[in-house]
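Open the model in a viewer and keep the sequence panel beside it. The stops below each begin with something to select.

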Amino acid sequence: MLKYLMKRSGIYLIMIFLTTSAGYFLAVSSLKPAVLEQEKIPRPTPEQVAASFRGLGLDPDKNAWERYVEWLGGIVTKWDWGRSPNGAYVNAEFADRVLVSTRLFIASIILTLIIGVALGVYSAARQYKFQDRVITSYSYLVHILPAPIAYFLVQLGAISINETVGQRIFFVTGISTPGIDPGWPAFVDLVAHYAVPTFAMTIFGWAGYQIAQRQYLLDNVNADFVRTARAKGLTRNQAITRHALRVSFIPVAQSIAFTIPAIFTGGFFAEAIFAWPGIGLWSIQSIGLQDVNVATATLAYGSVIFAIGAILADFATTLVDPRVRVQ
Amino acid sequence: MSTNTTPAERLRDAGLYAPGDAVLSVRDLNVRFNSENGVVHAVRGVDFDLMPGKTLGIVGESGSGKSVTSMAIMGLLPETADITGSVRYKGKELLGLSDKAMCKHRGSDIAMVFQDPLSSLTPVYTVGHQIIEALTVHNPTMTKQAKEARAVDLLRMVGIPSPKDRLKAFPHEFSGGMRQRVMIAIAIANDPRVLIADEPTTALDVTIQAQVLEVLHTAQEETGAAVVMITHDLGVVAGMADDIMVMYAGKPVETGTVEDIYYNPRMPYTLGLLGAVPRVDSSDKQSLVPIEGTPPNLAQPVIGCSFAARCPMVSDACLHGEPELLAVPGVQGQTLGHKAACIKADELSGDADAHKIFQAPPKPVSKFDGVARLERAKVLELKDVKKHFPLLKGALIKKRIGTVKAVDGLSFDIREGECVSIVGESGCGKTTTLLEIMEFHPDQMGEVVIGGVSNKAATDRKTTMAMRKEMQMVFQDPTGALDPRFTVYEVLAEPLENLGMPKAAIRKRIMELMKLVGLQPDHVNRFPNQFSGGQRQRIGIARALAVNPKLVVLDEPVSALDVSVQAGVINLLDKLRAELGLSYLMVAHDLSVVRHISDRVAVMYLGKIVETGDVDDVFDNPRHPYTRALLSAIPVPDPNLERTRERIILQGDLPSPLDAPKGCNFATRCPVFAALPAGKQEKCLTLEPPLASEGAQDFACFYPDGELDADMLVVHA
């Protein structure tokens, strides 16, 4: 197993290297930070711009290959991912951004997963009954509702709660209140900031898991081996939970691992609306700011998260499906 | 029982008169399903009593309601099914019990073995886990060690080698036959009083079928359970069952002891079924009894006798009121239990001839029948054809770690007007042989000559086209082999268009073909799904014949069809061969069909022919131990013979072609080898026996007709 994971990791490392390199070439040939410098007042001369960029390692006069070699050299020798046109170090901001994103998403990822799978099982066991129709209709509705609108609706709800109570219970944006006392007040403040985005992303996030789990379970509910289990003397519900559920969880387990990176890197709507400046927002902003090094770094992060997701998917599959273990 | 009782009265009577010692009494069982086409009345009044330790065979074609009956008894039908009547286990009513209450009986009192062993075990749990689960449900207090010990015992009982290690194996690590043994182990785990086996061997090879039937037999002996054996194969139940119930259109149409049913059938359907089965033990070459038509649609109420539409003896009286299942009167030596649902039961005495009643066609005579074999031209010749698959390992860089010799040096020929069959277990290389013939490429190992054209010369499209015109193929699954979006006309026109035939000629040819295969020419604009399985296979045959080939390759042509329909298709194939002077190359696992239709037979084992010759020589006097075992594995629809004959039960499965033994391939399972003294065994292990001619046939064995190992011989007294 370990050997297999090592091998997979090796293959993914090569893939990450290739996607990141390709991304760098694309960024370096399409993003031109010098254009933005022209809007500064007083307007710098092209020579001044070039000189300042040269100091940041963003020399516009070098060709793409030379800059790639320089950039790659920095990473390999000093783990230095370069600098932004405004002079900031990518490395310095990167960790903060990742931390913000992780904190924003981690709770809702776990909650959507548990709730989605549980509701999928619940609705499959009651196929076409009232509860199933309500749950599944809700999931389809959420699927067609664009995320920004959904998040705004939750924010409006939180604000109206605040107004009804006449006191600010929930914060609809931001990570924390500056200058709060450490200890208990800090914790209350954290929860007040955390509740709204987590709630919003959870109730609008589980739909996919719910629908998938319901479908896969229904495919297996009438399987021959469930009939065998019932013939042994298990009740229908026991046979479904012990036999059909595990088999139906195999494809879900795989999809889970693959959706995690999508949330981490593509969560810029949530980050923007709830004002949590995480990695998703940063990657979009970097393109607007013609920032070659940040765009490439966020891309590399996305590839790494994806590879971790893929390895997790393999791992999850081997965990629930013994047929994969024998190799 | 009078004919005018209401169901309620019959139920009451059943309660009063059901034999007190019956373990299972079913009375007036009716099952209805709601479907898009209305209410389907799948089971219409089934009555039977199952005595302790006895075996009841329920026989019927697909859709006759036999499986639904068993599922209704087990309480495993979906909640939407409407079940009425009475099912009593030792006097206790089971119908109407809640799922939970029923669970006390399922698996402990009544257990079941299902048809498809490949899908009946949960893939993600070990075999041990699944056996132990059955023990845990009914014995919550049993200790873990005791359960494990019992599971090992069970696996040993059903004949799984090294049972202790195999407990930890997953179902996918077992072959189909092994999985069915595990299913049986699960079923008998709690010593059930009633064991229901629903087509337990249908999905298995004949040799494995023989093993599994043997295991069922042992299981019954060990547990003393009464068995309900559901099958469409009259041979399988002949040796096992005490009583038989023949079902048709959801209703029992004849019941009685095995002797009653097999030797004195009183219902035309039973008679037809028995005549429709070819016999592996007889060289009698008369046509099979075809039962024309299809069973009634049970979504509509049945008026009159359900079999009337297909019955050759039908008269007006048959269409008024459905006949009751009544005791067959007054034949001496008759058991009281023999009942038939036919108003003409009296007319069918013991010597009724199914061939006469069903107007079986006479055996067709071909123009080649009078010509000696060697004087006829060769239609197909194979010379040392080999197909080796490299076995590769590695993700990026493939390493060759072995060779699978799927076909290893095959030589045989087919002459004009004859049918050659290849038989053997799955995995022996039958299908690969057909594929190699169809491939027809110069790069193949060995030479394939079709109608005088060699594959070595097939370098251009023209030669290949010429060969395709000589040879056509009929496939196993008629439903899968026809494009559902093509009308029959389009299906049949396609090969003709490929030959560039003009439109008018195509139309004429298609009408000819439809008549030739016994279909109505005005049905050409229908789609395949509007035809029954047998008719679809006729369309498949018509398509193969469209271009007037000399040789037709038949890949399991009737294995997907019901017995009564199968007989019609076999008769058609026989007729076409005689009329058109065709040659057939057939692959089939049903040796009875092979015996009936073939002139010559080749027995394959692990990619090699082990015995070949005229079908009567090989079947009547098999020399190679494998042929002997294969033939002995076929159940014969004759209870007396089936009970007394000695059968060879081969051990284990077909070995993987990868670890094919060095000497004789068959040595690992050979019953003769096992009985040989060590000195003689040496020869089998080191030298490969050549296919040599001796007597009437060719075979590859050093010790033909050798004494068989006693462990592999079984006789049921």
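Which residue stands opposite B:M229 in β8(B)? Select B:M229 and look across to the paired strand: the residue facing B:M229 is B:G57. Before going further, note that this is a predicted model. Its scores are ipTM 0.82 and pTM 0.83. In chain B the mean pLDDT is 86, with 95% of the residues at 70 or more.

**Stop 1: strand β8 of chain B**

Select residues 226–231 of chain B, which make up strand β8. Six of the six residues in this strand are buried. Colour B:A226, B:V228 and B:I230 one way and B:V227, B:M229 and B:T231 another; the two sets lie on opposite sides of β8(B), and both sides are covered. In a regular strand, side chains alternate between the two faces of the sheet.

Now add the partners. Strand β3 (residues 55–59) of chain B pairs with β8(B) in the parallel sense, over five bridges. β7(B) also pairs with β8(B) in the parallel sense, again over five bridges. On that pairing, find B:D198, which stands opposite B:I230.

**Stop 2: the whole sheet**

Extend the selection to the eight strands of this open sheet, which run in the order β6-β7-β8-β3-β9-β10-β12-β11 in chain B. The pairing is mixed. At the edges are β6 (110–113) and β11 (326–327) of chain B, each of which pairs on one side only.

For an antiparallel pair, select β10 (residues 251–257) and β12 (residues 339–340) of chain B, which are joined by two bridges. B:E254 has B:A340 in β12(B) as its bridge partner. Next show helix α7 (residues 176–187) of chain B, which packs on the sheet and touches β6 and β7 (194–198) of chain B. The direction of this helix makes about 175° with that of β6(B).

**Stop 3: the nonpolar cores**

Stay in chain B and select B:I184. Apart from neighbours within four places in sequence, B:I184 is in contact with B:V113, B:V158, B:V215, B:L216 and B:A219. B:I184 is also among the residues with the most contacts inside the largest nonpolar core, together with B:I131, B:A185, B:V194, B:V246 and B:V603. That core has 248 residues. Its largest share, nine residues, comes from helix α11 (residues 236–266) of chain A. A second, separate core has 17 residues, including A:Y24, A:V28, A:A295 and A:Y301. In soluble globular proteins, nonpolar side chains tend to be buried together.

**Stop 4: chain A**

Hide chain B and show chain A as a cartoon. Chain A has 15 helices and zero strands. Its C-alpha atoms fill a box of roughly 85 × 60 × 40 Å along the principal axes. Of its 327 residues, 33% count as buried. Among contacts in chain A with a separation of 6 or more, 70% are between residues 24 or more positions apart.

**Stop 5: where the chains touch**

Bring chain B back. How many residues does each chain bring to the contact? Chain A gives 20 residues and chain B gives 25 residues. On the side of chain A, the elements that give two or more residues are α10 (224–232), α11 and α15 (322–325). Select α10(A), which supplies the largest share of that side, eight residues. Coloured by type, the residues on the side of chain A that touches chain B divide into eight nonpolar, four polar and eight charged.

Terms used. Residues are numbered from 1 along each chain as its sequence is written. Chains are lettered from A and ligands numbered from 1 in the order in which they are written. This is a predicted model: local features need pLDDT of at least 70, side-chain atom pairs count only at pLDDT 80 or more; totals for chains, interfaces and linings use all residues. A nonpolar core is a set of buried Ala, Val, Leu, Ile, Met, Phe, Trp, Tyr and Cys residues joined through C-beta atoms within 7 Å. A residue is buried if 20 or more other C-beta atoms lie within 10 Å of its own, exposed if 12 or fewer, and partly exposed in between; C-beta atoms are placed from the backbone. Helices (H or I, at least four residues) and strands (E, at least two) are DSSP runs, numbered from the N terminus. Two residues are in contact if their C-beta atoms, placed from the backbone, lie within 7 Å. Ala, Val, Leu, Ile, Met, Phe, Trp, Tyr, Cys and Pro count as nonpolar, Asp, Glu, Lys and Arg as charged, and the others, Gly among them, as polar. pLDDT is the predictor's confidence in each residue, from 0 to 100. Two strands pair if DSSP finds at least two bridges between them. Axes are lines fitted to C-alpha atoms, for helices over the stretch in contact, and angles run from 0 to 180 degrees between N-to-C directions.
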